[in-house]
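Hello,

Here is the structure I promised to pass on to you. Please open it next to this email, and then read on for what was found in it.

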Amino acid sequence: MENNSLMKMLLDQIRQELDGALDDIYVEDVRVGVVYSGVKITGGYGGIAATQPQSPQSNSAHCSTLPKAGDMTGKPASEIMEMVLSDNTLKAVVGVATLNALATMICDRNPEKYTFSDADVLDLIKPGDRVGMVGHFSPMIPRILKITDQLTVIEKKDIFDDRINVVREHEAAEVLSGSDVVIITASTLVNGTTEELISMKGNAREAVLLGPSAVMMPQPFYDKGFTAVMGTRINDTDTMLKVVSEAGGTKHLLKKCGEKFSFVK
């Protein structure tokens, strides 16, 4: 299942929020890094998204390159943001990063409407909760285990960690439908699986979209069943561009050019 419905909701909200101002917003820089990719738009706003390789199942002829490489800088942000709907994963990466930059601008323009929470994902977990986590958030695992020992991680990669139960994607529905708290990596916005995964959450009390790729526009995620959106806001775009170009990760982004943000329903 693709994320087209969710992405169209995000695109529609950005168009609505910015209205005619969107016509004057352009992409000033694009960096596709090994770990994260970044986009800078008019006004100095920046956004990021997790870089992911083209899916082997894709029918795209452009499996490891961007068809518009060299031609994106200077284009209207309204054009580049539409790339979130592409089957080409690298185009989707740039599209999500552009959405993030635009969403940051919108939040700054409407602080009374977009009020951040100081909540951490750990604040949403109670003792004894069954936690289903899509994506291996390694630094977070010891902290979760101090609250509950019922943690299952759904991960594509080979993970060897005897503290937790690790399963493959085909077991996602069983794990998530039986969880009290569902945590889904925001990288799924790029690979197109967010909607499919959130549809599996069953009666989970909390469903969190987590990670730097998360777009700072919570309502479309709430409408799909999430109860919280937690990501990274870029405060220093030029430094972010250097970090992603030098293969920096989440820790580098938070230390040098960003800060965590949370929206909780």
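Let me start with a term: a residue is called buried when its relative accessible area is under 20%, exposed when that area is over 50%, and partly exposed in between, using a 1.4 Å probe and protein chains only. Before we use it, two notes on where things come from. This is a predicted model, in which local features need pLDDT of at least 70 and side-chain atom pairs count only at pLDDT 80 or more, while totals for chains, interfaces and linings use all residues. Residues are numbered from 1 along each chain as its sequence is written, and side-chain values use heavy atoms, with hydrogens and water left out.

Now to a residue: is Ser262 buried or exposed? Ser262 counts as buried because its relative accessibility is 6%. Ser262 sits in strand 10, residues 258-264 (strands are DSSP runs of E with at least two residues, helices are runs of H or I with at least four, and both are numbered from the N terminus). A polar atom of the Ser262 side chain lies 2.8 Å from the backbone oxygen of Ala119. Beyond its neighbours within four places in sequence, Ser262 is in contact (heavy atoms within 4.5 Å) with Phe116, Ser117, Ala119, Val229 and Met230.

Strand 10 belongs to an open sheet of 7 strands, in the order 6-5-4-7-8-9-10, with mixed pairing (two strands pair if DSSP finds at least two bridges between them). Strand 10 and strand 6 (165-167) are its edge strands, each pairing on one side only. From one strand to the next, the twist averages 20° (axes are lines fitted to C-alpha atoms, for helices over the stretch in contact, and angles run from 0 to 180 degrees between N-to-C directions). Inside this order, strand 7 (residues 181-185) pairs with strand 8 (residues 206-210) in the parallel sense over 5 bridges. One bridge to find on your screen joins Thr185 to its partner Leu210 in strand 8.

There is also an open sheet of 3 strands, in the order 1-2-3, and its pairing is antiparallel. Its edge strands are strand 1 (27-32) and strand 3 (46-50). Strand 2 (residues 36-41) pairs with strand 3 over 5 bridges, and Ser37 has Ala49 in strand 3 as its bridge partner. Helix 3 (residues 89-109) packs on this sheet and touches strand 1, strand 2 and strand 3, with its direction at about 145° to that of strand 3. Helix 9 (residues 237-245) packs on the sheet too, touching strand 1, strand 2 and strand 3, and its direction makes about 155° with that of strand 2.

Next, the cores. A nonpolar core is a set of buried Ala, Val, Leu, Ile, Met, Phe, Trp, Tyr and Cys residues joined through side-chain atoms within 4.5 Å. The largest one has 60 residues, and Leu99, Leu102, Leu209, Val215 and Phe221 have the most contacts inside it. Helix 3 gives the largest share of this core, 12 residues. Leu102 touches several residues more than four places away in sequence, including Ile14, Ile41 and Met81. A second, separate core of 19 residues includes Val121, Leu124, Val153 and Leu210.

One last stop is Val175, in helix 5 (residues 172-177). Val175 counts as buried because its relative accessibility is 14%. Its C-alpha atom is 9.1 Å from that of Arg130, 45 residues apart along the chain.

Enjoy exploring!

Notes
Polar contact = N/O pair within 3.5 Å; in protein donor to acceptor, adjacent residues only side chain to side chain.
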